[in-house]
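This report introduces a structure to a reader who has not met it before. The sequence and the model are shown first, and the description follows.

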Amino acid sequence: MQFAKFVVTRVIAYVLVIWIGITVVFFVPRFMPSDPVESMLGRIMTRGAYMEAEQVEAMRATLTQAFGLEGTLAEQYFGFFHRTFLTRDFGPSLSLFPTPVNEVVGRALPWTLGLLLSSTIIAWILGNAIGLLAGYKSRWLSSRTLEVIAIFVYPIPYYITALILIILFIHINPIFPLFFSIRGDPPSLEFITSVIYNSVLPAASIVIVGFGWWVLSMKALSSSISEEDFVYFAKLKGAGEGRIMTAYVLRNAILPQVTVLALQIGAIFNGALITEILFGYPGLGTITYNAVLQADYNLLMGTISISIIAVASSTLIIDLLYPFFDPRIRQR
Amino acid sequence: MRKGSPRLTIGLIMLAAFIILGVILPFFSPEDPRSWIRHPRNLQPSAEHLLGTTNLGQDTFWLLSYATQNSLFIGLFVAFFATLIGVFAGLGAGFLGGIPDRVITLLADVFIVVPSLPILILMSSLLQGRASLVLISIILILFNWPWPARQMRSIALSMRERQFVNTARFSGSSTIQILAEEIVPHIFSWAMANFVNTVLVAIATESGLAVIGLSSLEEATLGTTIYWALQHQALLGRRWWWIGSPVVAIILLFIALFLISTGISNLSAERRGHGDA
Amino acid sequence: MSENLLELRNVSKVFRIGGLVFGTRLVAVDDVSLSLPAAEPSILSIVGESGSGKTTLARIILELEHPTSGDVLIEGHPLFEKGGAGLKGRDYYRAVQPIFQNPFEAFSARKRVDKYLFNAALRLKIAANRKEAREIVAEVLESVGLDLSRVEGKYANQFSGGELQRISVARSLIPRPKLIVADEPVSMIDASLRMNIVNLFLELKERYKVSFVYITHDLSTAYYVSDYIGIMYRGSVVEYGPSEQILTDSAHPYTELLLDSVPTVDHKWERQVALPDIEIKEFQAQACKFSKRCKYVQAICENTIPPMVRMSAERQALCYKPVDFEPDATAKPAGANL
Amino acid sequence: MAMLRLRDLKCYYDTPRGVVQAVDGVSFDIQPNEVLGIAGESGCGKSTLLKALYDYIQPPLQIVSGTYEADFPDGKGKVKTIGPGEIRQHWWEFISYIPQGSMSVLNPVIRIESQFFDAVPRDHSLRAVGKTAIRERVAAYLKELELPVEVLKSYPHQLSGGMKQRVLVALGTFLHPQIVLADEPTTALDVVVQKGILLMLTELQQQMENTLVVVSHDMGVHYQISDRLAIMYAGKLVEYGPTDAIFNNPAHPYTQMLIGSLPRVGDRTQRVGISGRPPNLVNPPAGCRFAARCPKVMDHCAHEAPALLQIEPEHFVSCHLYGERAS
Amino acid sequence: MIRKNRKVLLSVAVLLAVVLFSTALVTAQEMTEVGTPRATTLIVDQLDGRIDNPTQTNPYQAGTRFNQGLHQLAYSNMWEINTATGEQFPGLAAEMPEALNDDYTSFRITLRDNLRWSDGEPITTADVAFTIDMVLGTPEFPYSGFLSQVVDSYEVVDDLTMILNTKRSEPRLGYTLGVHIWGDHFRPVPKHIWENEDPATFQNYPPVVSGPYTLADVDPNGNWFLYNKRADWENTDVGQIFGEPGPEHVLFRFYGTEERRIIAGIQNQLDIFTDISPEAWDILRDANPNARAWHENFPWANFDDPCERGIVFSNSQEPWDNQNVRWAIALATDIKSVGLATFAGILRVSPLAVPPVQVIHDAFHKPMREWMTEFAFEDGYQPFDPNYAVDIAAILAEQGVEGMPEDEEALVDLFGVGWWKHDPDKATEMLQAEGFALENGAWHKPDGSPWQITINSPSNFEVQSQRLAFAVADNWRAFGIDATVQQMDSGTFWSNYSRGEFDAGSYWPGCGALPDSWDLLDAFWHKRHIVPIGQPAPGNAMRYDSDALSGILDQIAPLPSDHPDTIPLLTEFEKQFIVERPWLPMFGTSKFVPVITTYWDGLPTADYFYEGPWWWWSLFKYHMPFIQPKSDG
């Protein structure tokens, strides 16, 4: 009963968030001073191709038309929404014309999602596990040590970790590949191992920084839950330490962590973006960055819309899954 | 729990060092450390140049001091306004309810869900590279107020039900007086912790933006210092004092702020009486 | 002006629980009409188990909750009438004051307790200046057996529950209210100390001519202090009248059950258990809400909602038993009071 | 022969503010097949005493001195004497615990059923027969207690406070322990529910012929169910004896005041509560700990601690009033 | 506990496995990651970074990228350039275009015999004609507009000969339809493939090409592009002119940020670099003994990049419309400190409107040195400082730089003919004469407002211009002008330029690879291109309106490159340019384009100069026959 209402309001909020987000994203670049046509012309001309004035004009007209930047802003806006949600087509990329944005984004999205998903889950599990130990077994030397490590690791910005990893494992001790190259075709073992091999460092830089937060928050949660009456009573019941830690402390402490995970997705995505740029990882981050540098409206719209939809959707999914973790919401 | 105060003390001492470095020392700087080729390039640290010089002939120590100033400015500016706006928006949403609540909550959700970095990249570009520190800060405020707002809203909702608010009301206190005397003392330490955390986030985001070359690169911030060092291959060139000093400064600053943040929340937990059996 | 200090007119409060689609209505307070005469200061106890709606009723009287229908009148001034000339703001706070269940909740942990007392004196314009306020505060504290010098400058956690509750009582006395609504004021306090607070009510009633609405689930203290008792069950006042009569000659089977359950030290219990069923069903029943547990139950109780039966000028009960299960004898509708 | 013997037991908490002498030299015996009530206001050490009885001594709580032993039938017809550290090996089958605050002692996110399993000791014979068998046994037991079997599949939030407390009673008696400790089992419950649960407890006690120890601050509850009553004040046992004897002839001024303050329906005579507050247990007064609040206080009460004296058969009191008389 | 320890053990084991596995990969590295033998694969740095549309190889679509090897190896052009000699030569064409009339509107074009497409079909004039028709008939192509301005009609004579009629006089048709810098957009495509496709949407992957290499494989993520040598290399222009290309495979690869490229070089995973910073070169040089820059010793860099760098003024706006202000600011600039800050002094100065690349330096800079030294203002002040080369060499020597030549001639060859004096006093005098005022160390404009200059600079896509902007701003601030640098992404940077919406900027309107750079000078400076500020300019974005300069350009326009008057007239242009000072060229661009010689011989250097080191130009394919696998000895 409650759940139906919860789902409905959550989905409405989801749609509104995406709509507002995408609207903002549509208008911001339209007010950008850089003009994709000029950008393209500039690129052609700096390469030294000489053109007469009329020739430049002719080329400019051709480009404007080809990029579909005609019509009023409102027409472009409605056209964009129509395309995005009815035909799910973001049009051609401007800087990669006529390659469709869908193709470019489609190629990058799995990489970003994969990186984000795996590193987020690893960081979350690792951080919560250590945090649980640190909170429940706060007298142990090992759990205290891990907590201190987390405190020092937590504030290190993503890019610094990324750079340190590059220096350590690519330069000084070249264990991981310098060159992002994937071998084999998608289902093969070769493909999978090469994806893992190539993704270890970017993922590690996100995990290293990400898990610190989970350690600290989980530690706080589990140490306060350890003081709850039901944990005390579980001890009186003679339940084993492992059982108390998992079924009593963890099961309760994990709930807020799930909620926070949903909220943090956006922030983790930001980190992944910088990591991608630094590691030359073929995800949305680098594409977005290139699109901004080349004033590629369509591609920008594509990557950012997809980012917003992806982040909002993962948030929605976590929120909708939440009741399965928490019986109090499920059954009320 | 008792470790709360040493944490806070260490954090405050560290922060004080940064404030001396970033707020007081720049006034004594013998030069504008941003200008190039003032000194021989790539000197090792010495009595004259405490942290050596950069490949651009700048004194790294004074550069660091300027950078700390700007980074602290960004952090404090963003944290102050984000916390302020967040607290008021959240309290407003929680106490007013109805339409204002829905609007504020929705806006907060939008800014939490929409990934900020693409928008920041876009805005930096929108501002024609004229992304001054103030403008970057304003954008950061935009993306950082929803966190305190969300939290404040739920605090406000629970506060609304707290009996001592009713006691105050029946003692003739007006809404403003209730806000000031009953609510604010309860959220103060929380808001402080949030403030400190936001300082951290703001500095990190600005420097992240700087590292990919999208901040205000003529200004010296910890991030742009790293950017220039990277551009000049200080990393592979092992000019550690150049690349290292801003990185170490960021980490230490973060640890200082983190210690203060957790110290404050521990301390307030202790004050609330969670300290005893 | 008005002969009733407090009057509840057909007060109902409906909460929605659950969602938009499948949500249910919960009638927390179901058409309650009561009155407390103004002539003499008196203590009215509202007795019921948890979920009976007694706290909601108290919150409505305190304007902390808006009734779904009906109105509350203080000395004839309606509180909730739209656009009416009811008691508002300071006038209301001067007339009605609360005492809450948990004294540690009633005072902020981050504010000195005496501030509340001084604020009440100054902000409700009882005292013109700080000096006067000091006198007033000292007096009310003295009247609850405390000394201002021992209270001043301290925070809530520096007092015991009993002491703090007495400060809470003292605070409510500052504006010299006509009515104090005390919501379970002793339930958080050790049994051995409860009597101190309860006795205080009796004393203050005389000394300050103040009336009390005393919300409790404890029949024994209710009987000890009250002039009138209302018994609530699942949102309805099932029996109402002078406390003596109600407890010595209860009309409603539920009152009987309550009385029987008090762990007295007079006689030992008979071994019988009658525990309540799932609550929601009873709230929604189109029948006597107590019929499932009533040992006198008859067919009529299970298919009609019983009316309010008046046994005497001051006594009424929501039950067919006093009229021998004759629906015809109950022509007089509920709620038409004096 | 008493089945549980306490001799001069001292249990202190070691806290940053000092050592809290929560249970300070308590001696008494608990007999088989009876209901023992422990009364006293909050902070008098009755919950700590219960912890000690349950052999749940964890830092910062520690047994400072005294002895505590119990007779444990080992199942082969022999009786073994066990003490602290051994009693906990036989939780739930020998001694069980019904906690106070049923609202918060159940884990909100797992089913009642699983919480039942956790209380079956790992070496208990039931474990060997498997979960399904345990589940059936539990269901059968609930039926016996006239509780709906569905509660096993429920989560705590789906049950009313009374139902939760009844589940806890079922949990505490499921393995038919020799001793059942109930810590304020009915606080925060309504009178009707309270009565139901108390009657359920005593009925079970009579069926199983074991010993039920009930801690409560409500003398009315003790009057209704206990056979024997221990009155505690500030970590000390001040009076101990058969319930009827105590109610008929309360010896200690504190007991007298506790009983005297009880309101009775139908009696509106003035009742006086006990004023003042109990002493700080970090630094308790040297003499009688009740001296500061005692209406019959004498000069030497303040610096001379009274001993526990027998004033009538099985009725003990710790008060100088009687010390003098006896001497 | 045990269970937990087991988990720890397991994760350690997994980690170890990953480490071992990856070390194994690294050590087993006699193959490249793309599966070709390392010894026969030339690995080239990918200039444009990652290519997000790797399979879009249709050469006429707007978003197609070329610098990942496509035009370097796969597409041949009609006419190419030799940057060593400064001459054009025929590529696909057999001869340079032969003008059939005096108006230069009709030309005979002949193709080399025995050229074949990579699928074995012969390349004929039918393909060229088809390409012209196809481009003209596809208005979606940006190049379509350009070509339609050029081609009037054509006539196919036979398989190897055709007549091309142009719409207007084209004395430099080799420039128009061939390469004179970087590459050219006119790339003939195979008719037999394209005639069945819609050219506007045709992906053209994998492309059938005319060049000596075929595109064999691409990374779907655009990180690498593998090219294989054609078995029939004899049927390509490269094969016919220079013989068999050396490398079996050429791999264009994107490594990411500069530090990763350097690490790649250190690990011998990259043979040819495009453009790195001098600091990066220092590191590479120290870490890999086989690393070789253009010069074996100082200054290492190649100075022959075809565009020089400097500061551009928005000349139609005050105060830049004042010639004396422009001169004053030149004299306020300390070129040595700018050079040191920009690229540690590893730069060749240029006071002229054409870059100091070797052939142009010989044709203009050095011959004009004496004239410049003598050049004086009306008041007799001589602004030129011919001693720059000697002075900067002394400074560098003081900083410990070794291996510099001793004599002045060689130093001038290296560091340039000289630049304008750093004379703040003269600058102050000139500005004050124009009504500017120096108050409290800060300059104010004649209207009393503080003089603020904003210098637009590329963000990080052009390092030298970026650093130059900062260095100049620093210099001007020291002089008392409130100068700031505004970094911009390329889109913003160029559209601001084109719209004239800038104050000053680190742009580069001074390009040329051949002595005859009329076409570029005309585009940059002829007044007929001027449009109002706010509108995108087709040329002359500085909006510099000079009758004198435009007049000289008009005189050169009808003359072909080899006409005897061309060079003297261009020299005349340069002199007038110095007088008017419309922009402030400073340095030829230094390119650090090192190579790693671990696997290869014959990579071009200053000592082995058969072509410039422009791996991202279409002329790269002509390097191939010179580059050979290192012999085992």
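In this report, a residue is called buried when its relative accessible area is under 20%, exposed when that area is over 50%, and partly exposed in between. By this rule C:Lys268, with a relative accessible area of 37%, is partly exposed. The model described here is a predicted one.

**Chains and their contacts**

Eight pairs of chains are in contact, and chains A and E share the most contacts among them. Some chains do not meet. Chain C and chain E do not touch, and their nearest C-alpha atoms are 42 Å apart. Chain D and chain E are likewise joined by no contact, their closest C-alpha atoms lying 17 Å apart.

**Chain C as a whole**

Chain C contains 13 helices and 12 strands. It has 338 residues, of which 58% count as buried. The accessible surface of chain C comes to about 13500 Å², and carbon and sulfur atoms make up 50% of that surface. Among the contacts in chain C with a separation of 6 or more, 65% are between residues 24 or more positions apart.

**Salt bridges**

Over all chains, a search of the whole structure finds 68 salt bridges. Three of them are set out below.

| Pair | N to O distance | Citation |
|---|---|---|
| C:Glu142 and C:Arg207 | 3.1 Å | |
| C:Lys268 and D:Asp244 | 3.8 Å | |
| E:Arg50 and E:Asp52 | 3.0 Å | |

The salt bridge between C:Glu142 and C:Arg207 links distant parts of the chain: C:Glu142 belongs to helix α5 (residues 130-143) of chain C and C:Arg207 to helix α8 (residues 191-208) of chain C, 65 residues apart. C:Glu142 has a relative accessibility of 46% and therefore counts as partly exposed. C:Arg207 is also partly exposed, because its relative accessible area is 43%.

The salt bridge between C:Lys268 and D:Asp244 crosses between chains. C:Lys268 is in the loop between α11 (253-261) and α12 (279-284) of chain C, and D:Asp244 is in helix α9 (residues 243-248) of chain D. D:Asp244 counts as partly exposed, at 44% relative accessibility.

In the pair E:Arg50 and E:Asp52, both residues are buried. Elsewhere in chain E, salt bridges that share partners join E:Asp275, E:Asp305, E:Arg309, E:Glu462 and E:Lys591 into one network.

**Strands of chain E**

E:Arg309, a member of that network, also takes part in strand pairing: its bridge partner in β21(E) is E:Phe587. The two strands concerned are β12 (residues 308-313) and β21 (residues 583-588) of chain E, which run antiparallel and are joined by five bridges. β12(E) also pairs with strand β20 (residues 504-505) of chain E, in the antiparallel sense and over two bridges. Here E:Val312 has E:Gly505 in β20(E) as its bridge partner. Is strand β12 of chain E mostly covered or mostly uncovered? Strand β12(E) is mostly covered, since six of its six residues are buried.

Strands of a sheet pair through backbone hydrogen bonds, either parallel or antiparallel. Chain E has an open sheet of four strands in the order β4-β5-β7-β6, with antiparallel pairing. Its edge strands are β4 (98-99) and β6 (151-158) of chain E, each of which pairs on one side only. The partner of β6(E) is strand β7 (residues 161-166) of chain E, and six bridges hold this antiparallel pair. Within the pair, E:Glu155 stands opposite E:Ile163 in β7(E).

**A helix of chain A**

Helix α6 (residues 141-153) of chain A has 13 residues. From its first C-alpha to its last it reaches 18 Å, close to the 18 Å expected at 1.5 Å a residue. The buried residues in α6(A) include A:Ser143, A:Glu147, A:Ala150, A:Ile151 and A:Val153. An α-helix has 3.6 residues a turn, so residues three or four places apart point the same way.

**A nonpolar patch on chain B**

Which residues form a nonpolar patch on the surface of chain B? They are B:Ile19, B:Ile20, B:Val23, B:Ile24, B:Phe27 and B:Phe28, with about 610 Å² of accessible area together. B:Phe28 lies in the loop between α1 (4-24) and α2 (60-96) of chain B. Its relative accessible area is 57%, so B:Phe28 is exposed.

Notes:
Residues are numbered from 1 along each chain as its sequence is written. Chains are lettered from A and ligands numbered from 1 in the order in which they are written. This is a predicted model: local features need pLDDT of at least 70, side-chain atom pairs count only at pLDDT 80 or more; totals for chains, interfaces and linings use all residues. Side-chain values use heavy atoms; hydrogens and water are left out. Patches are made of residues with over 30% relative accessible area and no salt bridge: like charges are joined within 9 Å, nonpolar side chains (Val, Leu, Ile, Met, Phe, Trp, Tyr) within 5 Å. Accessible areas come from the Shrake-Rupley method with a 1.4 Å probe; for residues, only the protein chains shown count as cover. A salt bridge is a side-chain nitrogen of Lys or Arg within 4 Å of a carboxyl oxygen of Asp or Glu. Buried means under 20% relative accessible area, exposed over 50%, partly exposed in between (1.4 Å probe, protein chains only). The expected span of a helix is 1.5 Å times one less than its number of residues. Two strands pair if DSSP finds at least two bridges between them. Contact means heavy atoms within 4.5 Å.
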